[in-house]
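Subject: Structure for you to look at

Dear colleague,

I am passing on the structure below, and after it I have written out what was found. Please read the notes with the model open beside you.

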Amino acid sequence: MPIEVKRLCHTYLAGTAGEKAALKDIELNIEKGEFFGIIGHTGSGKSTLLQHMGGIMPPEAGTVIVDGYDFADKKQRIEGRKKVGLVFQYPEYQLFEETVYRDIAFGPKNMGLNEQEVDEHVRFGAKFAGVDESLFEASPLDLSGGQKRRIAIAGVMAMKPEVLVLDEPMAGLDPAGCREILANIAEYHRSTGSTVVLVTHDMDVAAENAERLIVMRRGKIALDGAPEEIFTHAAELREMGLGIPGAAALAEELRARGAAVPQGIYTPHDLAAALLARKEGGAC
Ligand code: ADP
């Protein structure tokens, strides 16, 4: 089991007037090789949960166990978090080296790789994130917001993590850039069998990529299941301020107008197949 979350709690500003319980008794098991999606309204606790999976803060109560490393123990947390590639919501704020190359190379160097291996890892990360090699000697600080975002993602991917944890990695990228990064994440997941945890506000992205999804609400897990199961809870999702995927909304509209479109449709591919099946069956 690569990620086990056991009765995890997190309270910000504990003991002050601004005290906020961000995570309340979270229980969660993520299987090795799973593509796991997390959705939820702003403030529901998604980023806090991801930061615990990345081992960047100690559990206040309960624990997170990644690949057998128990993060309640400081030593194990420092060791275990090396397994996790964590892409923050605004990773561009973490660029600090003088050149793009050195920034992407920072992680691989810390892994104790030799120069040639570091170079191979840097090129892999750069290709993954769409960072052109002509930028290697530039200062990250001189680049655009989108380029900085790509460099930060390249730096994480250059470590070829077994567990990839991403907090809205496409935020702020143009639509083509989003599609490209997402396709590369999916390909990395397929080709390496790595575990991917993705927080997204985009229901279509969640529907089309995640094998399993949780919906967070006020620091708890409100729903947990396969996408086809989660998106049958349309009314509940709307009540939480979330939408449903475009294909699921269209299927709902067609049903409301009397078309016999089956339940459990949430991707364009499934909707097209259902409509074609109706046509072939003479129902259209
Ligand atoms: P999400 O990622 O779903 O938007 P977060 O995990 O960022 O949710 O936040 C969960 C709750 O904790 C929110 O109410 C948020 O305001 C609060 N919170 C997050 N970070 C801090 C912080 N550094 N200090 C105080 N409160 C915080």
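By class, the shell around the ligand is made up of three nonpolar, seven polar and two charged residues, where Ala, Val, Leu, Ile, Met, Phe, Trp, Tyr, Cys and Pro count as nonpolar, Asp, Glu, Lys and Arg as charged, and the others, Gly among them, as polar. Please keep in mind that this is a predicted model, in which local features need pLDDT of at least 70 and side-chain atom pairs count only at pLDDT 80 or more, while totals for chains, interfaces and linings use all residues. Residues are numbered from 1 along each chain as its sequence is written, and side-chain values use heavy atoms, with hydrogens and water left out.

The residues around the ligand (those with a heavy atom within 4 Å of it) include Tyr12, Leu13, Lys20, Ala22 and His41. Both β2 (20–30) and α1 (46–53) supply at least two residues of this shell, and α1 gives the most, with three residues; helices (H or I, at least four residues) and strands (E, at least two) are DSSP runs, numbered from the N terminus.

Which backbone atoms lie 3.1 Å from an oxygen atom of the ligand? A backbone N or O atom of Ser44 does, and so does one of Gly45, whereas for Ser47 the distance from such a backbone atom to a ligand oxygen is 2.8 Å. Taken alone the ligand exposes 560 Å², of which the protein buries 64%, with accessible areas from the Shrake-Rupley method with a 1.4 Å probe.

Turning to the strands, there is an open sheet of four, in the order β2-β1-β4-β5 and with antiparallel pairing, where two strands pair if DSSP finds at least two bridges between them. Its edge strands are β2 and β5 (69–70), each of which pairs on one side only. Strand β4 (residues 61–66) is joined to β5 by two bridges, and Val66 has Tyr69 in β5 as its bridge partner.

With best wishes

Definitions and conventions: A polar contact is a pair of N or O atoms within 3.5 Å; within protein, one must be able to donate a hydrogen and the other to accept it, and residues adjacent in sequence count only if both atoms are side-chain atoms.
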